[in-house]
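Open the model in your viewer and keep the sequence panel beside it. The tour goes stop by stop, and each stop says what to select.

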Amino acid sequence: MKFTFYGHSCFAIETGGKKLLFDPFISGNELAAGIVDVNAIEADYILLSHGHADHVADVVSIAQRTGAKVIAAYEVIGWAEKNGLKNVHPMNFGSANFEFGKLHFVPAAHSSALPDGSYGGNPGGFLVHAPEKKFYYSGDTCLTMDMKLIPMYAKLDFAILPVGGNFTMDAEDAVMAANFIECDKVVGVHFDTFGYIKIDHDVSKEKFRTAGKELILPKIGETIDL
Ligand code: NI
Ligand code: MN
């Protein structure tokens, strides 16, 4: 599966010929400036974990340009519709089938307000059961016992977890999360973008290594095979 990192918690995964874009936040990310062209990002689906601006900032422009279907919590979709988007699929915690496979929207322990201050519903994460591979993106969250349900649903090939701390799990918590979800290959996101979440890459990777796991910290603009 092709994974492309656009900075912060924004990434795309290609599966079965479909491009799934997660949590688009490019235009407000200084680290992505000059590296990622927000007007060149392709998407068939855009999945939003919650309503915070650092996860939804560019969804309206990308969805309007590409015609991608936006999948998110019911309240986040309400905001998207207010901003002119029509190709949408509201969810709450549960599962639904899409042409890329079955999708679970699962709880995250965080908060969710939209950029206009309106209520964003519950924040969540996504478990994608694509024919090719199965992966979990937790969204912004602390470590939760609910993560122990994930391996009951699927044997994961990889997971995408926040490792920046302060607003979410740090690398130490993410190692515990990786144990909970029974996954040895983790891509770290939600790090370095702001002062509060700057991390030491070597120290973070070492925490995973000593637990017998791999932490990948992708470079912005980088595409890797997972
Ligand atoms: Ni957030
Ligand atoms: Mn965030």
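## Stop 1: a helix across strands

Select helix α2, residues 59–66: this helix lies across β3, β4 and β5 (69–73), and runs at about 165 degrees to β4. Keep in mind throughout that this is a predicted model.

Now add helix α3, residues 74–82, which lies across β5 and β6 at about 135 degrees to β5.

## Stop 2: the sheet beneath these helices

Show the strands of this part as ribbons. In what order do the 7 strands of this open sheet follow one another? The order is β6-β5-β4-β3-β2-β1-β14, and the pairing is mixed. At the edges stand β6 (88–91) and β14 (223–225); each has a single partner strand, so one side of each is left without a neighbour in the sheet. From one strand to the next, the twist averages 20 degrees.

As general background, strands of a sheet pair through backbone hydrogen bonds, either parallel or antiparallel. For an antiparallel case, select β2 (residues 10–15) and β3 (residues 18–22), which are joined by 5 bridges. In this pair, Phe11 stands opposite Phe22 of β3.

## Stop 3: two residues with positive phi

Select His8, in the loop between β1 (2–7) and β2. Its phi is near 55 degrees, a positive value in a residue other than glycine. Is His8 buried or exposed? His8 counts as buried, because its relative accessibility is 1% and the limit for buried is under 20%.

Next select Asp23, which is found in the loop between β3 and β4. Asp23 is not a glycine either, yet has a positive phi of about 45 degrees. With a relative accessibility of 0%, Asp23 also counts as buried.

## Stop 4: the second sheet

Move on to the other open sheet, in which 7 strands are arranged in the order β7-β8-β9-β10-β11-β12-β13, again with mixed pairing. Its edge strands, β7 (94–98) and β13 (214–216), each pair on one side only. Neighbouring strands here are turned by 20 degrees against each other on average, direction ignored.

Pick out β8 and β9, which pair in the antiparallel sense over 6 bridges. Look for Phe105, which stands opposite Phe126 in β9.

## Stop 5: the nickel ion

Select ligand 1, the nickel ion. Which protein atoms are its donors? They are His50 (NE2), His52 (ND1), His110 (NE2) and Asp140 (OD), lying 2.2 to 2.4 Å from the ion. Along the chain, the donors of the nickel ion follow the spacing H-x1-H-x57-H-x29-D. His50 lies in the loop between β4 and α1, and His110 in the loop between β8 (101–107) and β9 (124–129), so this pair ties together parts that are 60 residues apart in sequence.

Angles among the 4 donor atoms of the nickel ion run from 88 to 177 degrees, and the site is irregular. For comparison, the ideal angle for four tetrahedral donors is 109.5 degrees.

## Stop 6: around His50

Keep the nickel ion in view and select His50, in the loop between β4 (45–47) and α1 (53–56). His50 is buried, with a relative accessible area of 1%. By contrast, His110 is partly exposed, with a relative accessible area of 25%.

Which side chains make polar contacts with that of His50? One is the side chain of His110, at 3.4 Å, and another is the side chain of Asp140, at 3.3 Å. Leaving aside neighbours within four places in sequence, the residues in contact with His50 include Val56, Val76, Ser111, Ser112 and Pro123.

## Stop 7: the manganese ion

Finish with ligand 2, the manganese ion. Its coordinating residues are Asp54 (OD), His55 (NE2), Asp140 (OD) and His190 (NE2), at 2.1 to 2.3 Å. Their spacing along the chain is D-H-x84-D-x49-H. Asp54 and His55 are both buried.

Now show both ions together. How far apart are the manganese ion and the nickel ion, and which residue coordinates both? The two ions are 3.1 Å apart, and Asp140 coordinates both.

How values were computed:
Residues are numbered from 1 along each chain as its sequence is written. Chains are lettered from A and ligands numbered from 1 in the order in which they are written. This is a predicted model: local features need pLDDT of at least 70, side-chain atom pairs count only at pLDDT 80 or more; totals for chains, interfaces and linings use all residues. Side-chain values use heavy atoms; hydrogens and water are left out. Helices (H or I, at least four residues) and strands (E, at least two) are DSSP runs, numbered from the N terminus. Buried means under 20% relative accessible area, exposed over 50%, partly exposed in between (1.4 Å probe, protein chains only). A polar contact is a pair of N or O atoms within 3.5 Å; within protein, one must be able to donate a hydrogen and the other to accept it, and residues adjacent in sequence count only if both atoms are side-chain atoms. Contact means heavy atoms within 4.5 Å. Two strands pair if DSSP finds at least two bridges between them. Axes are lines fitted to C-alpha atoms, for helices over the stretch in contact, and angles run from 0 to 180 degrees between N-to-C directions. Donors are N, O and S atoms within 2.8 Å of the metal (3.2 Å for Na, K and Ca); water is not among the atoms, so sites may look incomplete. Four donors count as tetrahedral if all angles lie between 85 and 135 degrees; four count as square planar and six as octahedral if opposite donors are over 155 degrees apart and all others between 65 and 115; anything else is irregular.
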